[in-house]
Amino acid sequence: MGFQTDSIHAGQQPDPSTGAIMTPIFQTSTFVQDSIGKHKGYEYARTQNPTRQAMEKNIAVLEKGKHGIAFASGLAAISAIIQMLKSGDHVICSDNVYGGTYRVFEAVFKKFGLSFSFVDTSDIEQVKKAFTAQTQLIFVETPTNPMLTLTSLSAIAGLAREKGCLTVVDNTFMSPYFQNPLTFDIDMVVHSSTKYLNGHSDVVGGIVLTRRDDLAEKLFYLQNAAGAVPGPQDCFLILRATKTLALRMREHEKNALAVARYLEKHPRVERVYYPGLSSHPQHQLAREQMSGFGGIVSMELGSLDNARKFAEAVRIFSLAESLGGVESLVDHPAIMTHASVPREERMRMGLTDGLIRLSVGVEDEEDLLADVEQALAAIG
Ligand code: P1T
């Protein structure tokens, strides 16, 4: 089936007891059993919930996977992946990941004897060098948040096969509509479904997708055993939202490309980061492994003062953390989303105090361009 047909139908059937075309919100914590140990496949709502299962199956199909395992947030999903490891294991991670991902690895999991090397995974030689005898996992964000740097999916998958370790790609920025890492032989994909999958800035959620039965079994075990599950209403909202994912992503991309092209010509903007621009150093790789370029554009405004003036002047864009909703947002990564990354690390990656990240929404293109124009003029 095509992506849009799957997004509307996969994982869902009319409710057998009523014919309701939409999967009901099974707002229940437990399920009545016919006799001791005799039940309809549902025992307790941390373990199984029909609304959650429909959402998991739907997104598994969209990511060209077999299993979806949902969590209460993107970070809960990432944490479940790390919980598959044991004390002493080593993880190689992209140096520019979401600040919260960096923080949970460094401030939480390190205490349990795991170690993490943050390297520029866009350079496969650096990944090779980071291997130790204990390396069990490579965690890649591509494109990265917020520098929009790409890592070659086939290079990472090939190296991991050679070395016998697992691979994870955080595909939050592209959504399953523009990139499917599992088709490149990546073992697991993770999403903050808070972002494009839900798309309406009213749910926090996360999900892991995989083709491998052995990994799914471990993740379902951790979902129940550690218990960071999403509630049924949030699952319903995400399931509703994926029906329009393709439509939204096409509009996000159209507007983002228009904004990026406008910014590229503006004298106040020192640099624009967007994989859809031919000036992006990895534009060719973007064309090879993604079917589009997404809705996030970052730009260098030269100083914190300029960034602050821009963020205060926007009228349609709102200054807020998060991304991927239908409404446009502005983020200042250094002080907001990536504050937990040490300053030297940030500077090395170009994540400066003058960097602004735009999550370009699906409002009218001309209104967004006019807003950006007047906000840049406010810099003076
Ligand atoms: O917020 P949560 O649902 O827990 O997801 C964490 C997460 C994971 N991966 C990526 C690539 C992300 O961007 C995020 C969350 N990011 C933001 C809140 C942000 O504004 O960048």
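Helices in this report are DSSP runs (H or I) of at least four residues, numbered from the N terminus. The model described here is predicted.

**The ligand site**

The ligand sits in the largest pocket. Domain 1 (3–242) and domain 2 (246–377) both contribute residues to the shell around the ligand, so the ligand lies between the two domains. In total, 18 residues surround the ligand. The closest of these are D170, S192, T194, S322 and R357.

By residue class, the shell holds 4 nonpolar, 9 polar and 5 charged residues. Which helix gives the most to the shell around the ligand? Helix α3, which spans residues 74–82, does so with 3 residues.

**Polar contacts of the ligand**

Oxygen atoms of the ligand come within 3.5 Å, the cut-off for a polar contact, of atoms in G74, N145 and S322. The table gives the partner atom and the distance for each of these residues.

| Residue | Partner atom in the protein | Distance to a ligand oxygen atom |
|---|---|---|
| G74 | polar backbone atom | 2.9 Å |
| N145 | N or O atom in the side chain | 2.9 Å |
| S322 | backbone N or O atom | 2.8 Å |

On its own, the ligand has 480 Å² of accessible area, and the protein covers 93% of that area. Two of the residues in the table can be placed further. G74 is at the start of the range of helix α3, residues 74–82. S322, whose backbone supplies the 2.8 Å contact, is also listed among the closest residues to the ligand.

**The loop between β4 and α6**

N145, which contacts the ligand through its side chain, also takes part in an unusual backbone feature. What is the form of the peptide bond from N145 to P146, cis or trans? This bond is cis, with omega near 5°. P146 is located in the loop between β4 and α6.

A cis peptide bond also joins T142 and P143, where omega is about -10°. P143 belongs to the loop that runs between β4 (135–141) and α6 (153–163).

L148 is found in the loop between β4 and α6 as well. The phi angle of L148 is near 60°, which is a positive value in a residue other than glycine.

Note on methods. Residues are numbered from 1 along each chain as its sequence is written. This is a predicted model: local features need pLDDT of at least 70, side-chain atom pairs count only at pLDDT 80 or more; totals for chains, interfaces and linings use all residues. Side-chain values use heavy atoms; hydrogens and water are left out. A residue is near a molecule or strand if one of its heavy atoms lies within 4 Å of it. A polar contact is a pair of N or O atoms within 3.5 Å; within protein, one must be able to donate a hydrogen and the other to accept it, and residues adjacent in sequence count only if both atoms are side-chain atoms. Accessible areas come from the Shrake-Rupley method with a 1.4 Å probe; for residues, only the protein chains shown count as cover. On a 1 Å grid over the protein atoms alone, a cavity is a set of points where a 1.4 Å probe fits but cannot get out, and a pocket is an open set with protein on both sides within 12 Å along at least five of seven lines; lining residues have an atom within 4 Å of a point. A molecule sits in a cavity or pocket if more than half of its atoms lie within 2 Å of its grid points. Helices (H or I, at least four residues) and strands (E, at least two) are DSSP runs, numbered from the N terminus. Ala, Val, Leu, Ile, Met, Phe, Trp, Tyr, Cys and Pro count as nonpolar, Asp, Glu, Lys and Arg as charged, and the others, Gly among them, as polar. Domain bounds come from an automatic or database domain assignment.
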